[in-house]
Every structure is written in structure tokens, then in C-alpha cells.
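Subject: Structure handover

Hello,

Here is the structure I said I would pass on. Please open it alongside this note; my findings follow below.

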Amino acid sequence: MTRPSARGRDTLALLPGVPAERWEREPEPTARERVFRFRATASPSAFKLASRLAAAPLNIPVMEFVQGMHEPQGTPGDLAEILLGGLLRKVGAADPMDETGIGYEFHQGVRELLLSAGMRDESLYILRSVLDRLGRRWKPLHVLRDALNHPSQTLPELPDTERLLPYMRVQEQVYKALSGPYLEGARTFHARVLAHQALGRSGERRGEPVEDPPNRGSSLPPRRLP
């Protein structure tokens with residue numbers, strides 16, 4: 001800055017009063033663009049781990065569990081590449097370190113593309129192992145695990161709770177990737193999720209008594225029901 005120079009030097013300058021150039025936000029990348037960019041920049045081991053994680057509901061403990069299943073000597077760097085690689089988004093208010101909640105989700109369409117890059121038997125094994133692990137703390141997930149043995153049969157009774165929906169969506173997407181006899185199970189899960197969402201939008205409250213309207217304009221006393 002202070003040394004004399006025989007020629008000028010290029011530098012940045014902020015000129016007060018001069019309107020800044022309009023900045024156009026880049027369009028949201030498609031699922032295919034996200035996966036292709038990640039594959040082009042990530043290490044091969046990180047991409048392989050991402051395709052395995054596509055078969056599981058996601059939080060940090062589950063990610064580490066899936067990584068340890070196949071790569072006991074895997075480095076934290078692979079997981080960091082996935083977390084920072086534009087494939088995932090943070091969802092809900094769940095603590096990402098709590099394995100009982102889902103803290104991350106792939107951007108729309110990304111999970112399906114990653115599942116297509118993985119192996120069918122491996123995806124099924126990963127989902128079964130994760131549901132078995134998590135089901136020890138929440139029993140309904142063991143019901144989902146057992147459903148993997150008979151994908152085309154009627155889905156067993158499950159609690160009608162918002163907490164279970166993300167797990168059912170993951171299982172539906174894995175079923176679609178597995179195809180064959182699992183497609184019928186995918187349709188069953190899809191219908192169950194849609195039914196729950198429709199019930200939530202309707203605002204219905206089941207189990208509450210329905211009161212009769214007041215008997216206006218009548219002098220008769222109210223009748224006591226037997």
C-alpha cells in the first residue's frame with residue numbers, strides 16, 4: 001500500500017452512492033445436478049457411503065452406524081463430505097445427534113438417484129439393520145422391520161402418529177428401488193402416508209364425543225338417555 005510503484009495496481013473499491021449491480025439468485029439445482037456435482041467432487045468412498053445412507057432414515061448416529069457396518073476404518077472426512085456436499089437438508093426440530101429422531105433428509109429426488117446407484121441386497125440389509133437398531137428404543141420400527149420379510153402382504157397395524165411418517169416414506173422409496181415384489185408394498189406405504197396427511201389436513205379429532213345441538217324453541221325438558 002505504501003511502497004512506490006512504477007505502474008498502477010488493480011484493487012477493489014467501494015464507491016459510496018453508486019448503486020450496486022443487481023444480484024440474481026441462482027436457480028435451485030435439480031436432484032440430478034446435486035448428485036452429479038457431488039460425484040464429481042467427492043471421494044469415491046464418500047459417494048459409496050452416500051448411496052448406502054440413501055437406504056436409511058438419517059441422523060448422525062445412524063450415519064456413523066451405517067458407515068461402521070461396511071467401513072470400520074472409514075474416516076470422518078467421508079461423512080463430512082456428505083454433510084457439506086449439497087445432498088442433505090436439515091429437517092424438523094430434532095437433535096441430529098439423537099438417534100431416535102430424524103434430523104436430516106435428502107433433497108427431493110436425491111435419495112431415489114442414490115438408491116439406483118447402490119446394490120439392492122445391500123440397501124435391504126442396511127434398512128433392516130437400522131430399523132432393528134432403532135426399534136429397540138421405539139417398538140413400531142420393529143413392525144416396519146418385520147414387514148420387509150413380506151412386502152406384498154397387508155401392512156400390520158401401526159400407531160397413527162406424525163413421528164412415524166418419515167420412516168414410512170424411507171421404506172416406500174427403498175421398496176421402489178428394490179422393485180419386483182416390493183412394488184406392492186411401496187403402494188401400500190404410499191397410500192398409508194397419504195391417508196394420514198389427509199386426516200391431518202381435515203383437522204378431525206377422533207375419540208371426542210359429539211354433542212347434540214341445543215334444543216332451541218322447545219319447552220320440553222331435556223330427556224335423560226338410558
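What percentage of the 226 residues of the chain count as buried? The answer is 36%. Bear in mind that this is a predicted model.

**Confidence**

The average pLDDT over the chain is 84. A score of at least 70 is reached by 81% of the residues. Residues 205-226 are another matter: there the pLDDT is below 50. Beyond near neighbours in sequence, that stretch has two contacts in the model.

**Overall layout**

The chain holds nine helices and two strands. Along the sequence the order is α-α-α-α-β-β-α-α-α-α-α. Take the contacts between residues at least 6 apart in sequence: 62% of them join residues at least 24 apart. The chain exposes about 15,700 Å². Carbon and sulfur atoms supply 53% of that area.

**The core**

The largest nonpolar core has 53 residues. Which of them touch the most other members? They are Leu53, Leu87, Phe106 and Leu114. H8 gives the largest share of this core, with seven residues.

Leucine 53 deserves a look of its own. Setting aside neighbours within four places in sequence, leucine 53 contacts Leu58, Met63, Val66, Leu79, Ile82, Phe106 and Arg111. Phe106 is thus listed twice here: as a partner of leucine 53, and among the core residues that touch the most other members.

Next to leucine 53 in the numbering is arginine 52, which sits in helix H2 (residues 44-53). Is arginine 52 buried or exposed? Arginine 52 is buried, because its relative accessible area is 10% and the cut-off for buried is under 20%. Not counting residues up to four places away in sequence, arginine 52 touches Val66, His70, Glu71, Glu122 and Ile126. Val66 is also a contact of leucine 53.

**Helix H8**

H8 covers residues 165-178, 14 in number. From first C-alpha to last, H8 reaches 20 Å, close to the 20 Å expected at 1.5 Å a residue. Ten of its 14 residues are buried, so H8 is largely enclosed by the rest of the structure. Among the buried ones are Leu165, Tyr167, Met168, Val170, Val174, Tyr175 and Leu178. Gln171, Glu172 and Gln173 are buried too.

H8 also carries a salt bridge. The side chains of lysine 176 and glutamate 172 meet at 3.2 Å, N to O. Both residues lie in H8, four residues apart, about one turn of the helix. Why does such spacing suit a pair? An α-helix has 3.6 residues a turn, so residues three or four places apart point the same way. Glutamate 172 is buried at 7% relative accessible area, whereas lysine 176 is partly exposed at 47%.

Just after H8 comes serine 179, with a positive phi of about 55 degrees. Serine 179 takes this phi although it is not a glycine. Serine 179 lies in the loop between H8 and helix H9 (182-202). It is partly exposed, at 28% relative accessible area.

**Other salt bridges**

How many salt bridges does a search of the whole structure find? It finds ten. Three further cases are worth opening in your viewer.

- Arginine 137 and glutamate 99: the closest N and O atoms are 3.5 Å apart. This pair links distant parts of the chain, 38 residues apart. Arginine 137 is in the loop between helix H6 (120-135) and helix H7 (140-147). Glutamate 99 is in the loop between strand E1 (88-90) and strand E2 (104-106). Arginine 137 is exposed at 56% relative accessible area, but glutamate 99 is buried at 12%.
- Arginine 187 and glutamate 184: their side chains meet at 3.0 Å, N to O. They are three residues apart in helix H9, so about one helical turn separates them. Arginine 187 counts as exposed at 53% relative accessibility, while glutamate 184 is partly exposed at 35%.
- Asp132, Arg136, Arg145 and Asp146: these are linked in a network of salt bridges.

Best wishes

Technical notes: Residues numbered from 1 in each chain as written. Predicted model: local features only at pLDDT ≥ 70, side-chain atom pairs only at ≥ 80, totals over all residues. Heavy atoms only, no water. Expected span 1.5 Å × (residues − 1). Buried < 20%, exposed > 50% of the residue type's maximum accessible area, 1.4 Å probe, protein only. Contact = heavy atoms within 4.5 Å. pLDDT = per-residue confidence, 0-100. Core = buried A, V, L, I, M, F, W, Y, C linked by side-chain atoms within 4.5 Å. Salt bridge = Lys/Arg side-chain N within 4 Å of Asp/Glu carboxyl O. Areas by Shrake-Rupley, 256 points an atom, 1.4 Å probe, with all protein chains shown as cover.
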